[in-house]
Amino acid sequence: MLVSVIICTFNRASSLAKLLETLCGQRDVDFRDIEVLVVDNNSSDDTAAVAERFAARLPLRYIHEAQQGLAVARNRGIAESHGDVLLFVDDDVRLDDY
């Protein structure tokens, strides 16, 4: 079963980096069963560079969505996902080590 972790973000590159770092720190996670989608909702900061920096450590795809709005970004994430299960995570979340 593939799980799609969908992270919609807008101009919160540093917060996104902290989230992705905590995702990298998960123990006992088989990343072959996960895809991480970063949906950039037309940010003007370095969100794209942050996503690129983590792409070597996570099965991450960066998606640029030019139309503003959380619902639009989430719908884009759904459309781009391949998972059997969709998990939406806000860009300011920090995951516990498990």
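Is Ser43 buried or exposed? In the predicted model examined here, Ser43 is buried, with a relative accessible area of 15%, a value that falls under the 20% limit for a buried residue. Ser43 belongs to the loop between E2 and H2. Two polar contacts involve its side chain. One joins the side chains of Ser43 and Asp40 at 2.7 Å; in the other, a polar atom of the Ser43 side chain lies 2.8 Å from the backbone nitrogen of Asn11. When neighbours within four places in sequence are left aside, Ser43 is in contact with Thr9, Phe10 and Asn11.

Asn11, the partner of Ser43 through its backbone nitrogen, is placed in the loop between E1 and H1. The relative accessible area of Asn11 is 30%, so this residue counts as partly exposed. Its backbone has a positive phi, near 55°, in a residue other than glycine. Asn42 also has a positive phi, of about 70°, although Asn42 is not a glycine. By way of background, most residues other than glycine have a negative phi. Asn42 lies in the loop between E2 and H2 and is partly exposed at 31% relative accessibility.

Asn42 also appears among the contacts of Glu65. Not counting residues up to four places away in sequence, Glu65 touches Val39, Asp40, Asn41, Asn42, Val72, Ala73 and Arg76. Glu65 is located in the loop between E3 and H3. With 11% relative accessibility, Glu65 counts as buried, and its side chain makes a polar contact of 3.0 Å with the side chain of Arg76. Val72, another of the residues touched by Glu65, sits in helix H3, which spans residues 70-80. Val72 is partly exposed, with a relative accessible area of 24%, and touches Glu65 and Gln67 when residues up to four places away in sequence are not counted. Between Val72 and Thr22, the sequence separation is 50 residues and the C-alpha to C-alpha distance is 26 Å.

The packing around helix H2 was examined next. Within H2 (residues 47-54), the buried residues are Thr47, Val50, Ala51 and Phe54. Viewed down the axis of H2, these buried residues fall within an arc of 95°, so they line one face of the helix. In general, an α-helix has 3.6 residues a turn, so residues three or four places apart point the same way. On the face of H2 turned away from the buried side, the exposed residues Glu52 and Arg53 are found. The cover over the buried residues of H2 includes strand E1 (3-9), helix H1 (13-24), strand E2 (34-40) and strand E3 (60-64). For Val50, contacts beyond four places in sequence are made with Ala13, Leu16, Ala17 and Leu20.

Val50 and Phe54 of H2 also take part in the largest nonpolar core, which has 18 residues; together with Ile7, Leu20, Val36, Leu58 and Leu60, they touch the most other members. At least two residues of this core come from each of E1, H1, E2 and H2. The most is given by H1, which supplies seven residues. A second, separate core consists of six residues, among them Ile6, Cys8, Ile63 and Ala73. As a general tendency, nonpolar side chains in soluble globular proteins are buried together.

Aromatic rings and the end segment were considered last. A search of the whole structure returns zero aromatic pairs. A charge is nevertheless placed over a ring: Arg74 lies over the face of Phe88, at 5.8 Å from the ring centre. Arg74 is also one of the contacts of Asp90, the other being Leu19, with neighbours of Asp90 within four places in sequence left aside. Asp90 is found in the segment after strand E4 (85-88) and counts as partly exposed at 43% relative accessibility. Asp90 and Ser15 are separated by 75 residues in sequence, and their C-alpha atoms are 9.7 Å apart in space.

How values were computed
Residues numbered from 1 in each chain as written. Predicted model: local features only at pLDDT ≥ 70, side-chain atom pairs only at ≥ 80, totals over all residues. Heavy atoms only, no water. Phe/Tyr/Trp six-rings, centres within 6.5 Å; stacked < 30°, edge-to-face > 60°. Lys NZ or Arg CZ within 6 Å of the ring centre and 35° of its normal. Buried < 20%, exposed > 50% of the residue type's maximum accessible area, 1.4 Å probe, protein only. Helix = DSSP H or I, 4+ residues; strand = E, 2+ residues; numbered from the N terminus. Arc of directions from axis to C-beta. Contact = heavy atoms within 4.5 Å. Core = buried A, V, L, I, M, F, W, Y, C linked by side-chain atoms within 4.5 Å. Polar contact = N/O pair within 3.5 Å; in protein donor to acceptor, adjacent residues only side chain to side chain.
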